[in-house]
Amino acid sequence: MSELRGYLRSDGRKGIRNVVAVAYLVECAHHVAREIALPWRENEVHAIGFPGCYPNAYADRMMERLCTHPNVGAVLLVSLGCESFNKYALERAVRASGRPVKTIVIQGTGGTRASIRQGRAWVEEQRLALDAAETVPMAVSELVIGTVCGGSDGTSGITGNPAAGRAFDQLIAEGAACIFEETGELIGCEHIMAARAVTPELGRVLEGSVAKAARYYATLGYGSFAAGNAEGGLSTIEEKSMGAYAKSGASPISGLLKPGDVPPRGGLYLLDVVPDGEVRFGFPNINDNAEIAELIACGAHCVLFVTGRGSVVGSAISPVVKICANPETYRRMSEDMDVDAGRILEGRAGLDEVGTEIRDLVVSLAQGARTKSEELGHQEFILTYKSFEPLGPACLPAT
Amino acid sequence: MSHDPRLILLDPRDNVLVARQRLAAGETIATGAGSGTTDTAIALAHKVARSAIAAGDKILKYGAPIGVATQAVAAGAHVHVHNMRSDYTPTHHLEDERKAGAAS
């Protein structure tokens, strides 16, 4: 088997991609950013950004973590000019990380055409340099892997999610850091989950994070549950949660993270995606891509996405591996799916076999392989308003 | 006594079985706890009652409660949003009038 290769960054982390991120700092700069990136849509230039014009500490942190993600090699910031986003601080942080960075201010460059022209010229230079960049050997233990489920149905909790959990168990045994999430989809599982925490204090933190999610969603009047979940045979949030929980595998839970916290070492981590404090700014994550962006902000080199109904999404910055839980969906949408986990339901494979297939696929992404969503050009990205308090002392026990 | 191989029992404590393939309406099925009859077409991964369930009983799947029955459910009948509810937040679902009366 060929070895894993990565791009070494100044903080010691390694990337499995070498993306130029073109980051708009308000929706008003989105079109210009998208046009700058367009000629390289199949060659690792991804548009990301924050649409809001009001300042938000969470968005600042997310943008900083994404622009200094190990899969990112250079960053172009695109500002309209009058928005509140602190472009100076973001540019400073990216420069301090050793990455090439440039800020284009549309109001200063003379408008749309001039900004696109300048932006493309800069990206062209960066792309040439990054395409010639050397890689270094990388170990499985240096990988960070996230998992999410979306478009879930009654098959997700039987095939795709437990198979992803088996892959997590294997990767954690090899020293990798794995992150599962959506505390709003762990409602009803909090006690069994807490029993897996490495310390009793962490167990209480995990229970507290799910209780917070239950309160938050109760206030909003909807659970983390879409109409298609019901059509696919899921009747309640608890039922969906039991299936979603299976993504976490069976390893001990080493810590709780919030969006942008990078796991300090290998092991299994829960990402708390529900904001702290009183309910503000609406739903915690308005769609699956908001969760994927948060996993990537925690340093995820790739994200395992389990779907039953058939999601097609990918992401900017990090590859998304699509694991199809439903054999009927797989037959309809195989071009979008990397793994056919539904064959477990039809007795054509076991959980361990599919788990190993997922683990091997993750490793292959650091050996030059690309996912279906990458091949199809999916680069979805969304970031909205939230607020979080810093991690408490029980969240990351020293072990 | 074993259940119909087209159904899965995820945990011995469960009072529902999960369809691993589509079932027609009116089929007699062995539930492992007797026999039952499907009351509607059952789509892939939907649930049927393993035995008669009383209104107010917990619905158990994966060995854990996933909600509560809102009416009596006969053995073999479809268990879903029309006869059970969450103990946490209400389930949001859409009715497609184009296929009213037919489980997809």
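The crossing of helices H1 and H5 in chain A is right-handed, a term used when the near helix is turned clockwise from the far one by less than a right angle, with anticlockwise giving left-handed. Helices here are DSSP runs of H or I with at least four residues, strands are E runs of at least two, and both are numbered from the N terminus. H1(A) covers residues 30-37 and H5(A) residues 112-131; their axes come within 9 Å and cross at roughly 40°. That makes H1(A) oblique to H5(A), as angles under 35 degrees count as roughly parallel, over 145 as roughly antiparallel, 65 to 115 as roughly perpendicular and the rest as oblique. Axes are lines fitted to C-alpha atoms, for helices over the stretch in contact, with angles from 0 to 180 degrees between N-to-C directions.

This is a predicted model, in which local features need pLDDT of at least 70 and side-chain atom pairs count only at pLDDT 80 or more, while totals for chains, interfaces and linings use all residues. Residues are numbered from 1 along each chain as its sequence is written, and chains are lettered from A and ligands numbered from 1 in the order in which they are written.

Back at the first helix pair, H1(A) brings A:Val32, A:Glu35 and A:Ile36 to the contact, and H5(A) brings A:Thr112, A:Ser115, A:Ile116, A:Gly119, A:Arg120 and A:Val123. Contact here means C-beta atoms, placed from the backbone, within 7 Å. The residues of this contact split into four nonpolar, three polar and two charged; Ala, Val, Leu, Ile, Met, Phe, Trp, Tyr, Cys and Pro count as nonpolar, Asp, Glu, Lys and Arg as charged, and the others, Gly among them, as polar.

Chain A also has an open sheet of seven strands, paired in parallel in the order E10-E11-E9-E8-E12-E13-E14. Strands E10 (253-257) and E14 (339-340) of chain A sit at the edges with a single partner strand each, so one side of each is left without a neighbour in the sheet. Pairing takes at least two DSSP bridges between two strands. E8 (residues 144-149) and E12 (residues 302-307) of chain A run parallel and are joined by five bridges, with A:Thr147 partnered by A:Leu304 in E12(A).

Two helices lie across E8, E9, E11, E12 and E13 of chain A. One is H6(A), residues 160-173, at about 155° to E12(A); another is H11(A), residues 288-297, at about 165° to E8(A). H6(A) also meets H13(A), residues 351-364: the axes come within 7 Å and cross at roughly 60°. That makes H6(A) oblique to H13(A), and the crossing is right-handed. Among the residues that meet are A:Ala163, A:Ala167 and A:Leu171 in H6(A) and A:Val354, A:Ile358 and A:Val362 in H13(A). By class, this contact has nine nonpolar, three polar and three charged residues.

Turning to chain B, strands E6(B) and E7(B) run antiparallel, joined by three bridges, and B:Leu60 stands opposite B:Pro65 in E7(B). The two strands form a hairpin with two residues between them, and B:Tyr62 in the turn has a positive phi of about 60°.

As for the meeting of the chains, 28 residues of chain B are in contact with 26 residues of chain A. E7 (64-69) and E9 (84-85) of chain B each supply at least two residues of the side touching chain A, and E7(B) gives the largest share, four residues. That side of chain B divides into 14 nonpolar, nine polar and five charged residues.
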